[in-house]
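Visitor: I would like a close look at one single part of this model, taken slowly enough that a first-year student can follow each step.

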Amino acid sequence: MTSQLRLAQVDEASASQKVAEFFRKSAGEWRSQRRYYTLPDGETKEMVSYITIRFLEPGCDELRKLAQLHQLSDPDILTCGAEVSWESRDSVSQKKQSKGATMFGVAGSTLYRDRGFATTKPVTAEYYFLEPETMCLRTEYNGSVFEEQLKLIGDKYRTRQTIISRAGEQQMIGQYLEKRVE
């Protein structure tokens, strides 16, 4: 039993290091070209977003507030995090679509967020890595499932894909190509 506990601690520490490295590499300014497919009809919407990602160190005020928001017993349990802000416009009309920010914090294999994709309430996601540069998330709330894959490609690019399902049926696919703004 003791060796299993040590393995679990090593795995948790390894996951914590991977996610911290992923967030550090993601920090900066990004231009995101987004395409959303509404299923089953395939209606397409294209947008451009400008994203700013800031790495959050353990023990910072933002992570402590996020831990409080989730009513975690230890305000310093979150090992790292990221603050993401964005502004999106329709690619064709240039009409402003959305503007906002969200906070992420990590403890173990759980990613804590101050808000979800489709809610302003705090949510959690389970995360794992397919490889060091590819992070996968699964978030569930209000009867919907959000599966996301983020992949760092060198220092200048990221790809993302989000699949949104409800009642076991896929509702939307979002695909993104993000380029670091120099």
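Guide: Glu178 is buried, because its relative accessible area is 0% and buried means under 20% (exposed is over 50%, and partly exposed lies in between, with a 1.4 Å probe and protein chains only). The model is a predicted one, in which local features need pLDDT of at least 70 and side-chain atom pairs count only at pLDDT 80 or more, while totals for chains, interfaces and linings use all residues. Residues are numbered from 1 along each chain as its sequence is written, and side-chain values use heavy atoms, with hydrogens and water left out.

Glu178 belongs to strand β10, which covers residues 169-180 (strands are DSSP runs of E, at least two residues, numbered from the N terminus). Its side chain is joined to that of Ser32 by a polar contact of 3.1 Å (a pair of N or O atoms within 3.5 Å, where one must be able to donate a hydrogen and the other to accept it, and residues adjacent in sequence count only if both atoms are side-chain atoms). Once its neighbours within four places in sequence are left aside, the residues in contact with Glu178 include Trp30, Arg31, Ser32 and Arg34, then Ile51, and also Lys156, Tyr157, Arg158 and Arg160 (contact means heavy atoms within 4.5 Å).

From Glu178 you can follow the strand that holds this residue to its partner, for β10 runs antiparallel to β9 and ten bridges join the two (strands pair if DSSP finds at least two bridges between them). Within this pair, Ile173 in β10 stands opposite Ile163, and the hairpin has two residues between the strands, with Ala167 taking a positive phi near 55°. On the next step, β9 is joined to β8 by ten bridges, and these two strands likewise run antiparallel. Here Ile164 in β9 has Phe146 opposite, whereas the hairpin of β8 and β9 has three residues between the strands, and it is Gly154 that takes a positive phi, near 65°.

For a contrast with the buried Glu178, turn to Gln94, which is placed in the loop between β3 (80-90) and β4 (96-107). Gln94 has 46% relative accessibility and therefore counts as partly exposed. Its C-alpha atom is separated by 25 Å from that of Gly116, a residue 22 residues apart from Gln94 along the chain.

Notes:
Helices (H or I, at least four residues) and strands (E, at least two) are DSSP runs, numbered from the N terminus.
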